[in-house]
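Here are a few exercises to work through with the model open in your viewer. Try each one yourself before reading the solution.

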Amino acid sequence: MESEQIIQKIREIGLREVHNGNAPPELYTRLAIEKGIQLAKEMNADVQIVEAALWLGDSQLGLCMKQNRAQDHVKVSAEFARIAMKEAGASQEFIEKAVQVMSEHHSTKHKSLDGEIVANADGYKFLQPLGLLALVMKDAKKRPDIETL
């Protein structure tokens with residue numbers, strides 16, 4: 001188990017990537033995190049691993065999209081997360097577990113309960129009105145002239 005200080009640093013890194021435009025919008029991200037934490041608690045999974053994986057699992061999606069490499073975002077985000085969690089002071093065991101979980105969050109086969117929870121929480125945001133609204137609002141910000149819609 002990691003200290004609350006380390007988990008807080010991971011949250012801050014995740015938020016930084018959201019605000020830099022590398023990760024999905026904050027509201028969108030928080031919907032997945034809240035659901036992931038709820039499920040992890042209900043199912044006695046590792047709440048810290050789930051939270052870290054959800055903060056960082058899509059942390060480089062925006063960057064990859066800008067580079068026309070959206071299909072690589074899981075790998076690129078996992079590589080980023082490995083470095084970021086090390087800098088945050090996380091243990092190597094924690095880093096390996098979190099990276100494994102985030103690496104399979106678009107898969108239908110999971111090696112752990114944590115991985116299944118992260119995949120489901122990540123998909124959950126698509127089912128919520130607020131998640132859809134956040135996605136539409138982010139897309140609208142990219143358009144210089146709303147009348148072109």
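**Exercise 1: a helix pair**

In this predicted model, the axes of helix H3 (residues 47–56) and helix H7 (residues 113–124) come within 10 Å, crossing at roughly 45°. Work out how to class this arrangement, and find which residues make the contact.

*Solution.* Start with the angle. Under 35 degrees would be roughly parallel, and 65 to 115 roughly perpendicular. The crossing is at roughly 45°, so H3 and H7 count as oblique to each other. As for handedness, the crossing of the two is right-handed. Next, pick out the residues: H3 brings Ile49, Val50, Ala53 and Leu54, while H7 brings Asp114, Ile117, Val118, Ala121 and Asp122. Finally, sort them by class: the H3–H7 contact has seven nonpolar residues, two charged ones and no polar ones.

**Exercise 2: the core**

Which residues of the largest nonpolar core touch the most other members, and which helix gives the most to this core?

*Solution.* The core holds 33 residues, and those touching the most other members are Ile10, Leu54, Leu56, Met85, Phe94 and Met102. Now go helix by helix: H1 (4–19), H2, H3, H5 (73–88), H6 (92–103) and H7 each supply at least two residues. H3 gives the most, with seven. For a closer look, take Ile10: leaving aside neighbours within four places in sequence, Ile10 is in contact with Ala52, Trp55, Leu56, Met85, Ala88 and Phe94.

**Exercise 3: a threonine in H2**

Is Thr29 buried or exposed, and what does Thr29 contact beyond its sequence neighbours?

*Solution.* First, place the residue: Thr29 sits in helix H2 (residues 26–42). Its relative accessible area is 7%, and the cut-off for buried is under 20%, so Thr29 is buried. Then list the contacts, skipping neighbours within four places in sequence: Val18, Pro24, Leu54 and Trp55. One distance to check in your viewer: the C-alpha atoms of Thr29 and Leu56 are 9.7 Å apart, with the two positions 27 residues apart along the chain.

**Exercise 4: two asparagines**

Look at the backbone of Asn44 and Asn68. What is the phi of Asn44, and where is Asn68 found?

*Solution.* Take Asn44 to begin with. Its phi is near 55°, a positive value in a residue other than glycine. Asn44 lies in the loop between H2 and H3. With 71% relative accessibility, against a cut-off of over 50%, Asn44 is exposed.

Now for Asn68, which is found in the loop between helix H4 (61–66) and H5. Asn68 has a positive phi of about 55°, although it is not a glycine. At 68% relative accessibility, Asn68 counts as exposed.

Definitions and conventions:
Residues numbered from 1 in each chain as written. Predicted model: local features only at pLDDT ≥ 70, side-chain atom pairs only at ≥ 80, totals over all residues. Heavy atoms only, no water. Helix = DSSP H or I, 4+ residues; strand = E, 2+ residues; numbered from the N terminus. Buried < 20%, exposed > 50% of the residue type's maximum accessible area, 1.4 Å probe, protein only. Contact = heavy atoms within 4.5 Å. Axes fitted to C-alpha atoms, helices over the stretch in contact; angles between N-to-C directions. Parallel < 35°, antiparallel > 145°, perpendicular 65-115°, else oblique. Left-handed = near helix turned anticlockwise from the far one by under 90°. Nonpolar A, V, L, I, M, F, W, Y, C, P; charged D, E, K, R; others polar. Core = buried A, V, L, I, M, F, W, Y, C linked by side-chain atoms within 4.5 Å.
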